[in-house]
Amino acid sequence: MAVEKNNILTDDVIAKKALVLLKNNMVAARLVYRDYEKTFGKVGDSIRLKLPFRTKSASGRTLVKQPLVDQTIAFNINRQEHVGLEYTVKDKTLDIEQFAERYLKSGMIQMANVVDRSILLTLKNAFFTSGTPGVRPGAFIDFANAAAKQTTFAVPDDGMRRAVIDPFTCASLSDEVTKLFKESMVEAAYKKGYKGPVSMYDTYESQNLPKHTVGDYGGTPLMAAVGTNSNTIDTDGWDASTTDLLLVGDVFTIAGVYGVNPQSYETTGILQEFVVQANADSTAGGLSTITFAPSMNDGTLTTTNDDGDTVSLGAYQNITALPADGAAITVQGAANTTYEQNYLFHRDAIALCVVNLELPQSATVKERVYDPESGLSILLTKAYDINEHSEVTRIDIVWGAQLIYPELAMRLWGAVSG
């Protein structure tokens with residue numbers, strides 16, 4: 001009499017399948033810079049990333065020295081997400097596809113969405129915008145105009161520009177994709193997340209895009225003093241005693257303050273946009289101090305290097321002139337209104353680092369799986385419940401995400417939401 005073979009799923013097979021599901025359900029994580037992983041070791045690590053030096057050429061025969069100074073940005077491995085599963089030993093006799101459908105799929109999709117959203121949330125610090133608040137983009141020209149603005153500000157056009165758009169914008173754009181591209185490209189648009197090339201962007205759909213609610217501002221805001229090369233301004237003319245006058249992520253412009261092309265240092269003819277970095281209130285007299293990014297630099301800014309030398313930061317100039325006292329301030333979007341946001345960025349604007357979680361010594365079952373293609377790593381650990389004859393499995397991922405070069409990113413305004 002033949003004996004029926006009893007196939008028991010192994011833990012490494014379960015871990016590998018979980019990683020495949022995680023990888024296949026990510027959108028934003030596949031679109032950003034991934035080469036910082038080797039710099040980090042574990043959760044909680046924090047480093048200062050050195051940004052590339054920028055120099056400004058000089059004309060004429062006489063040498064103009066340009067002492068260099070490090071520009072750095074903080075990067076933290078500070079995110080951890082896990083899924084806890086409980087199943088009986090008998091359930092491990094299922095084949096891997098049945099097991100994945102029943103136990104793994106839902107949790108890994110959720111984890112993929114959490115990682116993606118953490119990446120997209122960093123883009124709320126982008127200060128460049130395009131489109132009109134309250135008007136949903138959906139035509140080719142909307143993306144062409146955004147691409148033209150990014151090109152004006154010297155964002156590289158090297159095939160690495162991405163657009164991640166919300167589902168309703170994607171629906172509005174779908175006719176454009178089918179009209180403009182050949183059948184093979186239209187077919188590709190129905191793959192997971194990918195919607196085809198539009199203008200200079202590879203375009204993807206995501207339901208994880210964070211919306212933005214504008215602060216409770218009102219009045220006729222003006223500069224209360226001449227601006228300085230810094231990341232704060234003193235303002236007046238706001239409605240009195242307003243809490244959350246401006247919220248983190250609000251974007252504003254100042255009359256007479258134009259952006260410059262970082263290669264030619266000529267005016268772009270476009271007012272420089274600034275994004276609020278800390279919620280701001282107004283006083284009883286309608287005054288408010290606003291903290292924002294990018295920090296103003298009219299080309300005269302200097303610093304001191306480690307040798308005590310005064311170093312010009314003229315190469316990092318980003319505005320034509322400092323704001324005048326009394327210059328008008330314009331906030332984008334209507335007060336207390338929530339808008340859909342779409343995000344356009346070069347791959348190098350954002351960095352994602354996924355690190356290996358340390359294997360716990362006391363765990364009897366521990367499997368760490370790494371995918372060299374995607375750079376993703378997960379850890380599976382397990383405990384056995386003798387009373388219920390069941391196994392409790394935990395799957396973890398550890399990562400950090402940071403907007404490294406905000407000047408390479410842009411927010412494309414969408415429709416009013418809610």
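Me: Helices (H or I, at least four residues) and strands (E, at least two) are DSSP runs, numbered from the N terminus. With that in mind, in which loop does asparagine 336 lie?

Reply: The model is predicted, and in it asparagine 336 is a residue other than glycine that nevertheless has a positive phi, near 60 degrees. As for its place along the chain, asparagine 336 lies in the loop between E18 and strand E19 (338-346).

Me: How many helices and how many strands are there in the protein chain?

Reply: The C-alpha trace of the protein chain spans about 95 × 55 × 55 Å along its principal axes, and buried residues make up 48% of the 418 residues. When the secondary structure of the protein chain is counted, the result is five helices and 24 strands.

Me: What share of the contacts in the protein chain with a separation of 6 or more is accounted for by residues 24 or more positions apart?

Reply: A contact means that heavy atoms lie within 4.5 Å, so what has to be considered here is how far apart along the sequence the touching residues stand. For contacts with a separation of 6 or more, residues 24 or more positions apart account for 75%.

Me: Which strands stand at the edges of the open sheet that six strands form?

Reply: The sheet has the order E9-E10-E15-E14-E11-E18, with antiparallel pairing. An edge strand has a single partner strand, so one side of each such strand is left without a neighbour in the sheet, and this applies to strand E9 (219-223) and strand E18 (329-331).

Me: By how many degrees are neighbouring strands of this sheet turned against each other on average?

Reply: The sheet in question is the open one that runs from E9 to E18 in the order E9-E10-E15-E14-E11-E18. If direction is ignored, its neighbouring strands are turned against each other, on average, by 40 degrees.

Me: Which residue in E10 is the bridge partner of leucine 222?

Reply: E9 and strand E10 (residues 232-238) pair in the antiparallel sense, and three bridges hold this pairing in the count. Within E10, the bridge partner of leucine 222 is aspartate 236.

Me: Which residue in E22 stands opposite aspartate 371?

Reply: Strand E21 (residues 365-371) and strand E22 (residues 376-385) run antiparallel and are joined by seven bridges. The two strands form a hairpin with four residues between them, and in the turn glycine 375 has a positive phi of about 75 degrees. Opposite aspartate 371, in E22, stands leucine 376.

Me: Which residue in E24 stands opposite tyrosine 339?

Reply: Strand E24 (residues 409-416) is mostly covered, since seven of its eight residues are buried. E24 pairs in the parallel sense with strand E4 (residues 129-130) over two bridges, and there serine 130 stands opposite leucine 412. Six bridges also join E19 to E24, and these two strands run antiparallel. Opposite tyrosine 339, in E24, stands valine 416.

Me: Is serine 199 buried, partly exposed or exposed?

Reply: Serine 199 lies in the loop between strand E6 (194-198) and strand E7 (201-205), and it has a positive phi of about 55 degrees although it is not a glycine. Buried means under 20% relative accessible area and exposed means over 50%, with partly exposed in between. Because serine 199 has 30% relative accessibility, it counts as partly exposed.

Me: How far apart in space are lysine 90 and cysteine 353, C-alpha to C-alpha?

Reply: Lysine 90 is found in the loop between strand E3 (79-88) and helix H2 (96-122), and with a relative accessible area of 68% this lysine is exposed. Lysine 90 and cysteine 353 are 263 residues apart in sequence, and in space their C-alpha atoms are apart by 37 Å.

Me: What distance separates the C-alpha atoms of tyrosine 258 and threonine 268?

Reply: Tyrosine 258 is found in strand E12 (residues 258-260) and, at 32% relative accessibility, counts as partly exposed. Leaving aside neighbours within four places in sequence, tyrosine 258 is in contact with residues including Thr267, Gly269 and Asn318. Threonine 268 is ten residues away from tyrosine 258 along the chain, and the separation of their C-alpha atoms is 7.0 Å.

Me: Which two residues does the cis peptide bond at proline 294 join?

Reply: Proline 294 lies in the loop between strand E15 (288-293) and strand E16 (302-304). With omega at about 0 degrees, the cis peptide bond joins alanine 293 and proline 294.

Notes: Residues are numbered from 1 along each chain as its sequence is written. This is a predicted model: local features need pLDDT of at least 70, side-chain atom pairs count only at pLDDT 80 or more; totals for chains, interfaces and linings use all residues. Side-chain values use heavy atoms; hydrogens and water are left out. Two strands pair if DSSP finds at least two bridges between them. Buried means under 20% relative accessible area, exposed over 50%, partly exposed in between (1.4 Å probe, protein chains only). Axes are lines fitted to C-alpha atoms, for helices over the stretch in contact, and angles run from 0 to 180 degrees between N-to-C directions.
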